[in-house]
Amino acid sequence: MKNGIDLSQKLTLSVPETALVLGVSTKVAYELVRRADFPAFKISPGRVVVSKAALEEWILTQLKDKEI
């Protein structure tokens, strides 16, 4: 829980929260949000968020497109 908000109830994630969820560094998360295919969008100048639902879809697409 962050600032009294349960991450599971949020519709969007900040870039640092996205990094935490994906298990990557904040630097890598910022690189991801710059990608055209990544589900991030600006909600105000200097504020980028990631759609949780679209992030889950993006992850599934990555898994389908690339064999591990």
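What follows is a set of short questions and replies on how the features of this predicted model are named.

Residues are numbered from 1 along each chain as its sequence is written. In this predicted model, local features need pLDDT of at least 70 and side-chain atom pairs count only at pLDDT 80 or more, while totals for chains, interfaces and linings use all residues; side-chain values use heavy atoms, with hydrogens and water left out.

Me: What makes Phe38 and Trp58 an aromatic pair, and what kind of pair is it?
Reply: Rings of Phe, Tyr and Trp (its six-membered ring) pair if their centres lie within 6.5 Å. Planes under 30 degrees apart count as stacked, over 60 as edge-to-face and the rest as tilted. Here the centres are 4.8 Å apart and the planes stand at 75°, so Phe38 and Trp58 pair edge-to-face. The pair links distant parts of the chain, 20 residues apart. Phe38 sits in the loop between helix 2 (26-33) and strand 2 (40-44), and Trp58 in helix 3. Helices (H or I, at least four residues) and strands (E, at least two) are DSSP runs, numbered from the N terminus.

Me: How many aromatic pairs does a search of the whole structure find?
Reply: One aromatic pair. Both Phe38 and Trp58 are buried.

Me: Why is Glu17 called buried?
Reply: Buried means under 20% relative accessible area, exposed over 50%, and partly exposed in between (1.4 Å probe, protein chains only). Glu17 has 6% relative accessibility, so Glu17 counts as buried.

Me: What makes the contact of Glu17 and Lys10 a salt bridge?
Reply: The term asks for a side-chain nitrogen of Lys or Arg within 4 Å of a carboxyl oxygen of Asp or Glu. The N to O distance between Lys10 and Glu17 is 2.8 Å. That fits the rule. Lys10 is at 22% relative accessible area and is therefore partly exposed.

Me: How many salt bridges does this rule give?
Reply: The count is two. Arg35 and Asp37 also form one, with their closest N and O atoms 2.8 Å apart. Arg35 has a relative accessible area of 35%, so Arg35 is partly exposed. Asp37, at 40%, is therefore partly exposed.

Me: How do you know that strand 1 and strand 3 pair?
Reply: Two strands pair if DSSP finds at least two bridges between them. Three bridges join strand 1 (residues 12-14) to strand 3 (residues 47-51), and these strands run antiparallel. The cut-off is met. Thr12 has Ser51 as its bridge partner in strand 3.

Me: What joins strand 2 to strand 3?
Reply: Four bridges, again with the strands antiparallel. Phe41 stands opposite Val49 in strand 3. Strand 2 and strand 3 form a hairpin with two residues between them. Gly46 in the turn has a positive phi of about 80°.

Me: What makes strand 1 and strand 2 edge strands?
Reply: The open sheet of three strands has the order 1-3-2. Strand 1 and strand 2 each pair on one side only.

Me: Why is Leu63 called partly exposed?
Reply: Its relative accessible area is 48%, so Leu63 falls in the partly exposed class. Leu63 lies in helix 3 (residues 52-65).

Me: Which residues join Leu63 in a nonpolar surface patch?
Reply: Ile59 and Leu60. Together the three have about 260 Å² of accessible area. Patches take residues with over 30% relative accessible area and no salt bridge; like charges are joined within 9 Å, nonpolar side chains (Val, Leu, Ile, Met, Phe, Trp, Tyr) within 5 Å.

Me: Why is Glu57 called exposed?
Reply: Glu57 has a relative accessible area of 55%, so the exposed class applies. Glu57 lies in helix 3. Glu57 and Pro39 are 18 residues apart in sequence and 9.1 Å apart in space, C-alpha to C-alpha.

Me: Why does Gly4 count as exposed?
Reply: Gly4 has 63% relative accessible area, so Gly4 is exposed. Gly4 is placed in the segment before strand 1.

Technical notes. Areas by Shrake-Rupley, 256 points an atom, 1.4 Å probe, with all protein chains shown as cover.
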